[in-house]
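Hi,

Here is the structure I promised to pass on to you. Have a look at it first, and then read on for what turned up in it.

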Amino acid sequence: MGQVRQPRRVQAYDGELGAAVARAQEGDEAAFAVAYRFVQPGLLGYLHGIVGDDAEDVAADAWLEIARDLGRFKGDGAGFRGWTATIARHRALDHLRRQRVRPRAGGTEQDVLDLPGPHSTHEQALESLSTERALELVRGLPRDQAEAVLLRVVVGLDGPAAARVLGKRPGAVRTAAHRGLKRLARQLGIGGDAETGVTDGAPRTLGEST
């Protein structure tokens with residue numbers, strides 16, 4: 001079974017992010033701003049996929065909590081992305097409860113994850129979309145698939161980290177991400193393998209320039 005790998009760009013800056021977080025924990029405000037610039041785009045995209053136009057307000061609430069509790073964080077750059085995503089998700093769910101709405105869900109749960117095809121269908125699908133259009137399509141997925149895709153592709157978390165954010169097993173998150181990406185590819189009519197599965201290719205983070 002294929003896996004959705006971390007975007008290479010995310011992996012490249014995790015070291016710098018971790019260093020910035022460490023300096024921020026020592027009181028370096030400029031370093032906190034660096035960490036914010038690294039994390040905010042993916043975090044905002046993730047929240048947009050959950051709460052839509054209220055994403056910026058929810059992100060602001062999340063960053064207040066992140067700044068308040070920064071001294072309690074322990075880990076590296078990748079861990080910081082997972083930690084901030086967890087906080088953002090909690091704030092998003094609180095927001096949804098207050099608004100008495102839920103993320104939009106579409107389609108059915110009848111997708112069957114097939115064996116990997118010969119091409120990177122999910123990468124083709126994501127590269128065919130503008131960020132705004134991609135997030136709107138993702139919001140139309142069943143919730144488990146939408147959150148898995150957002151955490152893996154937009155935030156750039158690996159399988160175990162995304163599973164920790166969602167409180168699920170890594171295999172369940174990996175399967176949900178594949179089903180979601182497969183559905184997106186099918187909606188876009190991307191490639192002959194859109195009906196036969198998705199593969200191991202490393203997707204770009206949404207919004208990343210080509």
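A good place to begin is Gln40: leaving aside the neighbours within four places in sequence, Gln40 is in contact with Ala59 and Trp63. You will find Gln40 in helix H2, which covers residues 29–51. With a relative accessible area of 13%, Gln40 falls under the 20% cut-off and therefore counts as buried.

Please keep in mind that this is a predicted model. The average pLDDT of the chain is 75, and 69% of the residues score at least 70. Confidence is highest in helix H3 (residues 55–69), at a mean of 95, and lowest in helix H5 (residues 121–127), at 52. For residues 104–120 the pLDDT is below 50, and in the model this stretch has 48 contacts beyond near neighbours in sequence. Residues 192–210 also have a pLDDT below 50; that stretch has 67 contacts beyond near neighbours in sequence.

Next, helix H9, which runs over residues 170–188. How far apart should the ends of H9 be? At 1.5 Å a residue, its 19 residues should span 27 Å, and the end C-alpha atoms are indeed 27 Å apart, so the two values agree. The buried residues of H9 include Val173, Ala176, Ala177, Gly180, Leu181 and Leu184. Also on that list are His178, Lys182 and Arg183, among others. Just after H9 comes Gly189, with a positive phi near 65°.

Enjoy exploring it!

Best wishes

Terms used
Residues numbered from 1 in each chain as written. Predicted model: local features only at pLDDT ≥ 70, side-chain atom pairs only at ≥ 80, totals over all residues. Heavy atoms only, no water. Helix = DSSP H or I, 4+ residues; strand = E, 2+ residues; numbered from the N terminus. Buried < 20%, exposed > 50% of the residue type's maximum accessible area, 1.4 Å probe, protein only. Contact = heavy atoms within 4.5 Å. Expected span 1.5 Å × (residues − 1). pLDDT = per-residue confidence, 0-100.
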